[in-house]
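Welcome! Please take a moment with the sequence and the 3D view before reading on; the report below walks through some contacts to look for.

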Amino acid sequence: MADFVGEPVSDAEIDDATLATRAAEGDVAAFEMLLRRYQDRVFGMSLRMLADRAEAEDVAQEVFVTAWRRLGELADPGAVRTWLFRIAHRQCLGVIRKRRDRRTEPTDTLPDSTGTAVGTAGVDGSIDPQRATEAGAGVRALYRALRQLPPPQRAVWLLAEVDGLSYAEIAQVVGATEQAVRGRLSRARARLAEVMRAWR
């Protein structure tokens, strides 16, 4: 299939189903648009699950290599977002299993933060050092609490709270029923609320 021709088309003007269908037929431009649309979200999910930038980069790269090879197997091209998250989820669980086998713990590496923490600026717009320090400590505490959750609970919490997926989409990503997703999410929220009570 020919690449996009004629007037320049922005990524946002073309839906996922069209891009996935064209990419499955070998359209490199369509695949590159999918890559630009989802690479940050796939990397972000992987980084939050693994708390290790190098491992998250490897997972994200593998997700898109797999996607390029297997897009033709996708039954519903409109579900490409959920499908990409499902591949990333499986890859992350594989990394976590390998860590367990090596008996090593994830690093304390946190995602790089650009800009300032929310709510840390003073009335005059300057940064309040005490509030910035407290906000940073709260974020670190949340990351530690997330790492303590069992991987299935961590995954559903991240997909719901950070990526905004519905119960049905999360169920597809993690290969569980919606009822199981609700249960895992409820337990994850309860555990995080308990751990983070001091930061309210």
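## A bridge between two helices

R189 and E161 form a salt bridge, with their closest N and O atoms 2.5 Å apart. Because R189 belongs to helix α8 and E161 to helix α6, the pair ties together parts that are 28 residues apart in sequence. Please keep in mind that this is a predicted model.

How exposed are the two partners? R189 has a relative accessibility of 36% and counts as partly exposed. E161, at 38%, counts as partly exposed.

## Other salt bridges to find

The structure holds seven salt bridges. One of them joins the side chains of D16 and R37, at 2.6 Å from N to O. This pair links distant parts of the chain, since D16 sits in helix α1 and R37 in helix α2, 21 residues apart. D16 is buried, because its relative accessible area of 13% is under the 20% cut-off. R37 comes out at 23% relative accessibility, so R37 counts as partly exposed.

Another salt bridge pairs E55 with R99, and here the closest N and O atoms are 2.4 Å apart. Again, distant parts of the chain are linked: E55 is in helix α3 and R99 in helix α4, with their positions 44 residues apart in the numbering. Are these partners buried or exposed? E55 is buried, with a relative accessible area of 18%. R99 is buried as well, at 6% relative accessibility. As a general background, side chains of opposite charge can pair when their charged atoms come close.

## How α2 and α3 pack

Two packed helices are described by the angle between their axes and the distance between the axes. Where can you see this here? Look at helix α2, residues 28–50, and helix α3, residues 53–70: their axes come within 8 Å and cross at roughly 145°. The crossing of α2 past α3 is right-handed.

Which residues make the contact? On the α2 side they include F31, L35, Y38, V42 and L47, and on the α3 side they include E55, V59, V63, F64 and W68. By class, the contact between α2 and α3 has 16 nonpolar, two polar and three charged residues. E55 therefore appears twice in this report: E55 is one of the α3 residues touching α2, and E55 is also the buried partner of R99 in a salt bridge.

## The nonpolar core

The largest nonpolar core has 52 residues, and those with the most contacts inside it are L71, L84 and V174. Eight helices are worth tracing here: α1 (16–24), α2, α3, α4 (80–102), α5 (129–148), α6 (151–162), α7 (167–174) and α8 (178–195) are the elements that give two or more residues to this core. Helix α2 gives the most, with eleven residues.

What does L84 touch? Leaving aside residues up to four places away in sequence, L84 touches Y38, V42, V63, F64 and A67. Y38 and V42 belong to the α2 side of the contact described above, while V63, F64 and A67 belong to the α3 side.

## One more stop on α3

To finish, find R70, which lies in helix α3. R70 counts as partly exposed, at 35% relative accessibility. The C-alpha atoms of R70 and A24 are separated by 7.8 Å, although the two residues are 46 residues apart along the chain.

Conventions:
Residues numbered from 1 in each chain as written. Predicted model: local features only at pLDDT ≥ 70, side-chain atom pairs only at ≥ 80, totals over all residues. Heavy atoms only, no water. Axes fitted to C-alpha atoms, helices over the stretch in contact; angles between N-to-C directions. Helix = DSSP H or I, 4+ residues; strand = E, 2+ residues; numbered from the N terminus. Left-handed = near helix turned anticlockwise from the far one by under 90°. Contact = heavy atoms within 4.5 Å. Nonpolar A, V, L, I, M, F, W, Y, C, P; charged D, E, K, R; others polar. Core = buried A, V, L, I, M, F, W, Y, C linked by side-chain atoms within 4.5 Å. Buried < 20%, exposed > 50% of the residue type's maximum accessible area, 1.4 Å probe, protein only. Salt bridge = Lys/Arg side-chain N within 4 Å of Asp/Glu carboxyl O.
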